[in-house]
Amino acid sequence: MPSSLRIPVTSADHISGDPDAPVALVEYGDYECPYCRAAHADVQLVQKRFGRDLCFVFRHFPLTEIHPNAEAAAESAEFAGVHGRFWDMHDGIYENQEQLGIPLLLALAQRLGMSERALQEALAAGLYEPKVRSDFVGGARSGVNATPTFFINGHRHDGPFDAESLSLAIEATRAHARV
């Protein structure tokens with residue numbers, strides 16, 4: 001039986017699109033995961049396809065044992081979020097994943113008009129670690145054990161995560177929501 005999303009979407013989440021859209025796509029992802037990078041492009045296509053009918057939520061699930069830069073990347077995205085630039089940092093990290101490390105994160109912060117020093121201090125202090133940890137724990141409670149893991153309207157999507165497969169699953173959910 002597919003698992004369900006245990007932690008509901010709230011205003012504390014990073015939401016792209018209309019929070020009241022008929023379909024919510026939640027991703028638990030890891031910024032150093034090559035599959036998440038591939039899914040990032042597919043999610044962007046899906047967002048364009050469904051427009052206002054879809055809200056996309058990204059939650060952190062850094063697999064630090066195999067991806068040593070994933071935690072710092074997640075915390076850097078949270079830092080950017082406080083400055084209203086979460087999605088810009090999110091996109092920048094995935095678009096430059098092959099260079100992922102502290103130098104890239106600092107360069108992205110600077111490019112987005114944020115203080116490199118403030119980011120360094122936030123990372124050193126673990127300022128955003130509790131938010132990243134909270135996402136991770138919520139994912140684990142929801143049965144997430146790999147990245148990326150998607151939920152569509154609270155139900156785990158265990159199929160492929162290419163744009164066409166996600167679109168078909170979203171369309172089915174959207175059609176069911178209209179009934």
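This is a short walk through a predicted model, from its sheet to its core, its salt bridges and its cysteines.

Let us start with the sheet. Five strands make it up, lined up in the order β1-β3-β2-β4-β5, and the sheet is open with mixed pairing. At its edges you will find β1 and β5 (155-157), each of which pairs on one side only. If you look along the strands, neighbours are turned against each other by 30° on average, direction ignored. As background, strands of a sheet pair through backbone hydrogen bonds, either parallel or antiparallel. A good pair to pick out is strand β2 (residues 23-29) and strand β4 (residues 149-152), which run antiparallel and are joined by four bridges. Within this pair, Val 26 has Phe 151 of β4 as its bridge partner. Against the sheet packs helix α3 (residues 86-95), which touches β1, β2 and β3 and whose direction makes about 70° with that of β3.

Next comes the interior. In soluble globular proteins, nonpolar side chains tend to be buried together. Here the largest nonpolar core has 41 residues, and Leu 25, Tyr 31, Met 89, Ile 93 and Ile 170 are the ones with the most contacts inside it. Helix α2 (residues 70-82) supplies the largest share of this core, namely six residues. To get a feel for the packing, try centring your view on Met 89. Leaving aside residues up to four places away in sequence, Met 89 touches Ser 76, Ala 77, Ala 80, Leu 105, Leu 108, Ala 109, Leu 112 and Met 114. Apart from the largest core lies another one, of 10 residues, with Ala 24, Tyr 28, Cys 55 and Val 144 among them.

Now for the charged side chains. The whole structure holds nine salt bridges. In one of them, the side chains of Arg 59 and Asp 13 meet at 2.8 Å, N to O. Arg 59 belongs to strand β3 (residues 54-60) and Asp 13 to the segment before β1 (14-16), so this pair ties together parts that are 46 residues apart in sequence. Both Arg 59 and Asp 13 are buried.

Another salt bridge joins the side chains of Arg 49 and Glu 164, at 3.9 Å from N to O. Because Arg 49 sits in helix α1 (residues 34-50) and Glu 164 in helix α7 (residues 163-178), the pair ties together parts that are 115 residues apart in sequence. Glu 164 is partly exposed, with 45% relative accessibility.

Arg 85 and Asp 88 form a salt bridge too, with their closest N and O atoms 2.6 Å apart. Arg 85 is partly exposed at a relative accessible area of 29%, and Asp 88 is also partly exposed, at 36%. Elsewhere, salt bridges link Asp 53, Glu 171 and Arg 174 in a network.

We finish with the cysteines. How many disulfides does the model contain? The count is zero, with a pair of cysteine sulfur atoms needing to lie within 2.5 Å to qualify. Cys 33 is in no disulfide, and the nearest cysteine sulfur, that of Cys 36, is 3.5 Å away. Cys 33 is buried, its relative accessible area being 3%. Cys 55 is in no disulfide either; for this residue the nearest cysteine sulfur is again that of Cys 36, 18 Å away. Cys 55 is buried as well, with a relative accessible area of 2%, and you have already met this residue in the core of 10 residues.

Notes. Residues numbered from 1 in each chain as written. Predicted model: local features only at pLDDT ≥ 70, side-chain atom pairs only at ≥ 80, totals over all residues. Heavy atoms only, no water. Buried < 20%, exposed > 50% of the residue type's maximum accessible area, 1.4 Å probe, protein only. Core = buried A, V, L, I, M, F, W, Y, C linked by side-chain atoms within 4.5 Å. Helix = DSSP H or I, 4+ residues; strand = E, 2+ residues; numbered from the N terminus. Contact = heavy atoms within 4.5 Å. Salt bridge = Lys/Arg side-chain N within 4 Å of Asp/Glu carboxyl O. Pairing = 2+ DSSP bridges. Axes fitted to C-alpha atoms, helices over the stretch in contact; angles between N-to-C directions.
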